[in-house]
Every structure is written in C-alpha cells, then in structure tokens.
Amino acid sequence: MLKLGVPSKGRLMEKTFEWFGERGITMRRNGSEREYSGAVEGVDGVELVLLSAGEIPRELAAGRIHMGVTGSDLVREKLADWPDQVEDLTPMGFGHADLIIAVPVAWIDVETLDDLDAAASAFRARHGFRLRIATKYHRLVREYLRENGVADYQLVDSQGATEGTVKNLTAEAIADITSTGETLRANHLKILNCPPVHRSQAMLFAARGADWEGAPLVALEAMLDRLGLPRPDGF
Amino acid sequence: MQPDKVSIQAEAEKLLAQFRAAGATLVEADILQPAETLLDLYGEDIRGRAYVTSDPLRGEMMLRPDFTVPVVQMHMAQGADPARYCYRGEVFRKQEHAGTRPSEFLQVGYEVFDRANASAADAEVFALFTDLLAPLGLRASTGDIGILMAAVQGLGTSAPRKAALMRHIWRPRRFRALLDRFGGRSPVPEARAQMLAQLAAAPVEELLDRAGPFTGLRGPNEIAARVAQLIEDAKTPPIAAGEVDLLDDLLALRDKAPAALECLRDLAVDMPSLGPAVDGFDARLVALDERGVDVGNLDFEASYGRTTLEYYDGFVFGFYCETRPDLPPVASGGRYDALTRVLGQGRSIPAVGGIIRPGIVAMLKGA
C-alpha cells in the first residue's frame, strides 16, 4: 500500500479532502470523529494516514509514509536539506500564510531589516544582551536573518501565543505565521517592510527515503495520472 | 579514504607532543560548556552549528564547538603571564547539509598569551604550524583583520557610520551595501526616505504618541535616540569617492606578502590611519623571516578571514590542501585580543593561536 499522510483535523483536513475530491479521489474518515483512520476511493492501493500536520515532515523524512500533505513552512523548518529528503509534487492553493517578522508599533525608527539590525546593535549595547526574537521557526528565521546581514539578535523559542511575548517582556520582536494580521494589531505589533521570511501554503510531498518497491510505485503512478502531474525525478 | 579513529588519535598525540616540545602547557576543557557565553559571543549562528542540550540544574549547555573560549576563560581566571597552552580533544559541529563533513572531530591547538611582542607571537604560531604541516605540501593563506579595522576607523565620516561598518566587517555583503550607501554610490532606499520624511514631520514625542500604545522592553528614550541618529545620519555627507576607492583597492588586495606590503605602504600614503597596522604587518614579516618562513612566497589576502567567526581582530591564517578543495582547512588560527577583553571582565591580554585537524592530516598522509 502507498501510505498518504494528511492533516488529521480542521480546515487543513477539509481543504485537503476537497482538493483530492475535485480531482476524482475521494477521502473520508472512518467511523467516529475521534478515530484517526480513513479510506480512499478513486485510486487503488492508497492507505490514508491521519496525522498532525506538524508531524508529517518527520514521517516523510523517515519514510514511514510515502506521500503527505503539509505546509511548505513546516517542511523547510523541520527538515535539513529538505529537497534531498522530499519532493514537492504540487502546491495545493490553500493554507496560505506568510512567515513574517514583527516589531512594536511604537518603534517608529524601525521599518526594514537594516533598521532592525541597527536597533539590535544599540539594544545589545544598552541592555547587555542580544535583542530577542520569539519564534518557533528557528531554522527559517536564522537563515533569513543571516542572508540579510542582521546581527546582535537571538532567537527565543515560543511554541504558542508568540504575539504576547513582547508585552510579557520575554522578547523584543517576533517571527510568526500570520494569515490576517489581526492578532498582530491587537498586540500592538507591526510587520517589517521586507519580503516575508517564507510564503507558505499546503503542498503535496513525496518521500525520497520511503520504500517504493512494487505496489506503492504503481499506486503513485495511478495517483499522479489522476492528478495530472508528471512523475518526478528519482522515483 | 577516511582514516580510522585510532590512527587519527595517534596523529593528534604526535602533534600534541610537538606543541608541548615548543613549550606549551597541556590543558583540558569540559565538553559541556554553558550555552549562554557562547551564544552571547557568537550569536545565533553558533546555535545553528552547535549541539545544544539542557541540563536540569545548569540550564542550556553546548557540546563544545571549539576550545578557544574555555581556554581563554581559564587563562583569564588563573593563568600565568605570559603563557603557552596546548590541548587536544573532540569538538562538535552540527552539519545542516548532507555530505562528508564530520559532526564530531579532533582538534589539536596551540595558544600564546603574551604582552611582549605581538609580531613575534604571531610569527611563533605561524612558523610552528608551517613546520609541523610542511610534509603535507599545503598552501597557506594569510590576512590581517586589524588592517581592515584601521582602514574603516580612518574613513572621513561620522562615528556611527564607522561603527556600523566595523560591526559588519565579518559580513562582506552587508558591509558592501553599507559602504555603497555611505559613499553615495547607491541611493537612499525608498523605505528609509519615507521614514525620514515622517520622522521630520513632527517632534518625536508626538510621533511616539501617535504610533500607538507602547509595548516591550525597548524604551521610548532608546527609540528617540535612534530617531535623532537617523536624522543626523541623513545630514551626513557621503564618504569621499576617493576614500571608497582606496578601501576597495584594499579589500581586493591579493598578492605575495612583499608585494602586498608595498601596496599597503602606497595605500597608507593616502590613508594615514593604516600606518600603525601596516607597520605591524611589516614587523610580522620580519619576525616570520627570522623564524625561517619563506616570506617571499607567502600569500596575503586583505579580505581573508572575513567569513570566519568574528573574534579574530589581527593576523589570520589557514592551511589548505590544494588538490582537495572539498576539505575544510587542515589548520587555521589568528589573533583574538578583543576576545580576551570580552571574557576577561575588565582585563585583557594579547593572544594568538590556532588549531590543526588531525583527522585531515591523517587522511592526507594516508592518501
């Protein structure tokens, strides 16, 4: 069987089911709301595995699932050298969100990354520690800031309610996913005037390290055919 | 072929014995180092490259990414003056990309803490490394971060602009962008121009009131101070084109050491701030020659060392195997006077040192 990992709840799951449904592949959950298994019709040999979206990158990397639907942000954050571990087959057109950097609205002297860098330098000189940016996207934010020559900052881990860290004095700025910006406004934060760290959306991935021998490869071909996608290199 | 650990250990012991014969005291360092000190020194990049773990009592700890920091700390706490140390042991570096670079490898190092004569200490370390590595036929690269710092300090511009350039010596792309902007070669970015217009429109107190509720640790006085600095900076005239050209010539300088010295002397005529640093370079070449280093064939690159960890602030060097460009440097090192000041809590001592990777030495010997 080809194991296909999809998000186990919420809008991401509904949208995933819809997306496949529009392409002639029907998915549904088995039994009760609480049971994390499902069925697939329209392509033979595919087993549905319902997982938390955050765990799908790891499962793909380990080859425990053959394919998976999750946010491009999660794959880039959680997998080193992600293109060597997974193939992105297609963007799915939903789950759009930007990973952005935000600072207090009162920072009238900070609009760009250059300003953030200069403010970080002055902050460190004054307070004796590096300017703190709260995020759960350590790899993406670090690579982005390095690329843009920002120094004198540190990342502090925040797995939730990240916008509140500035008010709570545990961070000076934040880097987080935002789809609307309302939470930012409510917490008196503004987005820096620079390209987002990452523009995320839901994508369909295939695992390079999974065992594709035999039936899974046949199912992959049937699935790609149904979705109108070319067979990627290396599969 | 990758040599086995036993032969790498044997190579490390041989190198260590030679460092001890050169007069160094053997020291050890803990593998678990407090993460805070290292993070504060190196910044976020080290978190990406070092293994961070947590200790129930001591908090965040790192598997040591190098020996320099613990050795400096030990010296500043209790060391004799002058002192020479050597060490060998594993260091740990996370690899973000698949490949052959090991995430754990041996280093053998030699560090000199000596106030007497910087050029002589630089030459001592480099000549020792040159002798030890001679059988491998490596190419040595050298540079001098101190010359770059002197050049920046000598620019005819405001102190904040010089400070901004100094901070980014180790980030060449950002340095270039700042220099182009301060030199009037690239226009003021639109976002900056807009912000300046807004900041000029009203007194800063009023602007702060209007911006919305205040939040966070960075205070209104800090914001106001930077606003004043931005307005001041906008009035600062561009760095003269001639000076930017001189700096460009310096950054591009790449030659054998004697020719590089000639060129630096020429540059120092128009950029007098270079004088002492160039004298230091000259004295180092004399000291190297006295130690038997073939100075006439020594490569010098003014920009060398700009992408390493940012604690080097003088002489920098690396030894490379030219037929194996895929390998990291076999050995590297440099002068780090400022680091001793940061870790010395008010005290400091001139220091220079370097490390050899016995794993690569063993590999090249076996090849």
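# Report on a two-chain predicted model

Both faces of strand S13 of chain A are covered: A:Ala202, A:Leu204 and A:Ala206 on one side, and A:Met203, A:Phe205 and A:Ala207 on the other, are all buried. Put as a count, six of the six residues of S13(A) are buried, and the strand is described as mostly covered. The model in which this strand is found is a predicted one.

## The sheet around S13(A)

S13(A) belongs to an open sheet of seven strands in chain A, whose order is S2-S3-S4-S1-S5-S13-S6 and whose pairing is mixed. Strand S2 (26–29) and strand S6 (86–91) of chain A stand at the edges, each with a single partner strand, so one side of each is left without a neighbour in the sheet. On average, neighbouring strands of this sheet are turned by 30 degrees against each other, direction ignored. Helix H1 (residues 10–22) of chain A packs on the sheet, where H1(A) touches strand S1 (2–7), S2, strand S5 (67–71) and strand S13 (202–207) of chain A. The direction of H1(A) makes about 130 degrees with that of S1(A).

In general, the strands of a sheet pair through backbone hydrogen bonds, in either a parallel or an antiparallel manner. S13(A) pairs in the antiparallel sense with S5(A), over five bridges. Within this pair, the bridge partner of A:Met67 is A:Ala206 in S13(A). S13(A) also runs antiparallel to S6(A), and five bridges join these two strands. Here A:Asp88 has A:Phe205 of S13(A) as its bridge partner. Both A:Ala206 and A:Phe205 are among the buried residues of the strand.

At the edge formed by S2(A), the pairing is with strand S3 (residues 37–41) of chain A, in the antiparallel sense and over four bridges. A:Arg28 stands opposite A:Ala39 in S3(A).

## The two chains

The following table sets out overall values for each chain.

| Chain | Residues | Buried residues | Helices and strands | Extent along the principal axes (C-alpha) |
|---|---|---|---|---|
| Chain A | 235 residues | 46% | eight helices, 13 strands | roughly 65 × 35 × 25 Å |
| Chain B | 367 residues | 39% | 16 helices, twelve strands | about 70 × 60 × 40 Å |

In chain A, 67% of the contacts between residues at least 6 apart in sequence join residues at least 24 apart. For chain B, residues 24 or more positions apart account for 70% of the contacts with a separation of 6 or more.

Chain B has a radius of gyration of 23 Å, which agrees with the value near 21 Å for a compact globule of 367 residues. Chain B is divided into domain 1 (1–68 + 76–121 + 351–367) and domain 2 (185–237). Taken over C-alpha atoms, the centres of these two domains are separated by 44 Å.

## The contact between the chains

The contact takes 31 residues from chain A and 33 residues from chain B. On the side of chain A that touches chain B, the elements giving two or more residues are helix H5 (113–127), helix H6 (138–147) and strand S9 (153–157) of chain A. H5(A) gives the most to this side, with six residues. By character, the residues of this side of chain A divide into 15 nonpolar, six polar and ten charged.

Note on methods:
Residues numbered from 1 in each chain as written. Chains lettered and ligands numbered in written order. Predicted model: local features only at pLDDT ≥ 70, side-chain atom pairs only at ≥ 80, totals over all residues. Domains from an automatic or database assignment. Rg over C-alpha atoms; globule rule 2.2 N^0.38 Å. Buried ≥ 20, exposed ≤ 12 C-beta atoms within 10 Å, placed from the backbone. Contact = placed C-beta atoms within 7 Å. Pairing = 2+ DSSP bridges. Axes fitted to C-alpha atoms, helices over the stretch in contact; angles between N-to-C directions. Nonpolar A, V, L, I, M, F, W, Y, C, P; charged D, E, K, R; others polar.
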